[in-house]
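This report walks through one protein model. Look at the sequence and the structure first, then read on.

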Amino acid sequence: QLDAATLTMAGNTASRLAARGGALQANSIAIENGAGAPSRLSADGVLSGNTASDMTTTADSVSGAGGLASRTSRARAAANALVLHDGASVDASSPWLIAGNTARGVHATGGTALVNALAAYRSAALQGSPVSIVGNHGEDIRAAGSGAQALGVGSKSNGVLAANGLYMDGSGATALSRSSLLVAGNTARQLNADGGRINANALSVNAQGSVQASHLILAGNTAADMRSEGREGTVAGFAAFGKGIGQANANAVQVLGDMRAASLQLMGNTAGRVHATEGLAAANSFSQGAGGRVEGVQALLAANTAVSTQADDGSTALANSVQADGTLQGSSVQVMANQGSARAGGHDGLANSIRAQKRGRIAASSVTVATNQGTAQQGVANSVDVAGSLQGGSITILGNQGSARDGGAINSVVGSGRIAGSQITIL
């Protein structure tokens, strides 16, 4: 247990660091398994004004008889970051500030790159602890897969990159509860994940992670030139589809588990050239996974700009949009005064829109799409797409402008799903 009134790491510089087969840390704090028991951090914390550059770490393996790997290491590069691992937790009422940090040229092969970020893995928890990630800059950050495991997940080609955000993953009840998260004024450029996922200026809750009774704000962030390439078929024995592999999230919130009694605001963010070759590309957007449930959530997406958001290989591109793959119930979603365009194969590009996927369900919720400007090429803009079901809710589409071509739809309610007991207004 680390118990202190205040823990501060400020004004440090680290450069030209290299490691093979392990974790490489610069200007960072890692709270991991201590003597077989979960570790606890009891301190108000500050990571500010630090600079890290030219860091490289590579996974390593030693082969045994017959070419079988007898020992495999994991690569992790952490720059200006707080890492919670193996059940580690932060005490309630312990605020953390990650601000004004810079990371350039951080590369992890066969693992994870964490820059200007808070990362929680394997049952790690943040409860009642406000987190602010403000005014950080990340540039030329790369995470590439290899034959090694990445933080114990997958067997090949899983590179995870998290910059200027909160990233939660791994088995167990990884949780953010009774907390506030502010991600504001951050910049991320030239990010690449080969065989994995990118999360920039974002909140990403993967696997069985959950968000409960928390207030989330992503505002005034900029992300540009992001590319994620997913090549892995399985992750820990499960299909990669829907697990976040190959995805690119810019100024976005992605919850693959549950989110309850929370508020979410994405405001004044800018994203350009966000590209996912085999997974979801999301810019200034909120996506919810098939195995999860969003209940009692107030979501506002306002005054965001997304240019050139693209997904390949039959995947979805979201620009200033909301997508529910699971259940969205008892919630309010407002998409207002955004500008954007999205490109994907088929009709899977959404700009300033809301979609319930085929297995998705929106129930007893109000949806408003107002005063947006969007462009739809095959996909939809300023619209609500019901491929699943909408029950007992209301839809208002008001005062939007834009254009549609090649079979696209604009300012509309579309889809082949089921709408029952709902009120729809289009003006």
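## Terms and model

Two strands pair if DSSP finds at least two bridges between them. Helices (H or I, at least four residues) and strands (E, at least two) are DSSP runs, numbered from the N terminus.

The model is predicted: local features need pLDDT of at least 70, side-chain atom pairs count only at pLDDT 80 or more, and totals for chains, interfaces and linings use all residues. Residues are numbered from 1 along each chain as its sequence is written, and side-chain values use heavy atoms, with hydrogens and water left out.

## Overall make-up

The protein has 59 strands and zero helices. Of its 427 residues, 56% are buried. Here buried means under 20% relative accessible area, exposed over 50%, and partly exposed in between (1.4 Å probe, protein chains only).

About 14900 Å² of the protein is exposed, and carbon and sulfur atoms supply 48% of that area. Accessible areas come from the Shrake-Rupley method with a 1.4 Å probe; for residues, only the protein chains shown count as cover. A contact means heavy atoms within 4.5 Å. Take the contacts between residues at least 6 apart in sequence: 81% of them join residues at least 24 apart.

## Two open sheets of 11 strands

One open sheet has 11 strands in the order β4-β10-β15-β20-β25-β32-β37-β42-β47-β52-β57, with parallel pairing. At its edges stand β4 (29-31) and β57, each with a single partner strand, so one side of each is left without a neighbour in the sheet. Inside this order, β20 (residues 166-169) pairs with β25 (residues 203-205) in the parallel sense over three bridges. Tyr167 stands opposite Ser204 in β25.

Another open sheet of 11 strands runs β3-β9-β14-β19-β24-β31-β36-β41-β46-β51-β56, and its pairing is parallel. Its edge strands are β3 (23-26) and β56 (409-410), each of which pairs on one side only. Strand β51 (residues 380-381) meets β56 in the parallel sense over two bridges. There, Val380 has Ala409 of β56 as its bridge partner.

## The β5, β12 and β17 pairings

Strand β5 (residues 40-48) is joined to β12 (residues 96-99) by four bridges, in the parallel sense. Leu47 stands opposite Ile98 in β12. Strand β12 also runs parallel to β17 (residues 131-134), again over four bridges. In that pairing, Leu97 has Ser132 of β17 as its bridge partner.

In a regular strand the side chains alternate between the two faces of the sheet.

## Two residues of β18

Is Ala143, in strand β18 (residues 137-144), buried or exposed? Ala143 counts as buried, because its relative accessibility is 1%. Beyond its neighbours within four places in sequence, Ala143 is in contact with Ala108, Gly111, Ala113, Gly159, Val160, Leu161, Asn192, Ala193 and Asp194. Ala143 and Thr56 lie 87 residues apart in sequence, yet 10.0 Å apart in space, C-alpha to C-alpha.

His137 also lies in strand β18. Its relative accessible area is 18%, so His137 is buried. Outside the neighbours within four places in sequence, the contacts of His137 are Asn101, Thr102, Ala103, Arg104, Asn116, Asn164 and Thr187.

## Positive phi

Most residues other than glycine have a negative phi, and most peptide bonds are trans. Asp54 is not a glycine, but has a positive phi of about 55 degrees. Asp54 sits in strand β6 (residues 51-58). Asp54 counts as partly exposed because its relative accessibility is 44%.

Asn411 has a positive phi of about 55 degrees too, and is not a glycine. The loop between β56 and β57 (413-414) holds Asn411. With a relative accessible area of 26%, Asn411 is partly exposed.

## Cavities

A cavity is a set of points on a 1 Å grid over the protein atoms alone where a 1.4 Å probe fits but cannot get out; lining residues have an atom within 4 Å of a point. Grid points are joined across faces, edges and corners, and a volume is the space filled by probe spheres set on the points.

How many cavities of 30 Å³ or more does a search of the whole structure find? The search finds two. The second largest has a volume of about 30 Å³. Phe286, Ser287, Gln288, Val322, Gln323, Ala324 and Leu328 line the second largest cavity. The elements giving two or more residues to this lining are β37 (286-288) and β42 (322-324).

How values were computed:
On a 1 Å grid over the protein atoms alone, a cavity is a set of points where a 1.4 Å probe fits but cannot get out, and a pocket is an open set with protein on both sides within 12 Å along at least five of seven lines; lining residues have an atom within 4 Å of a point.
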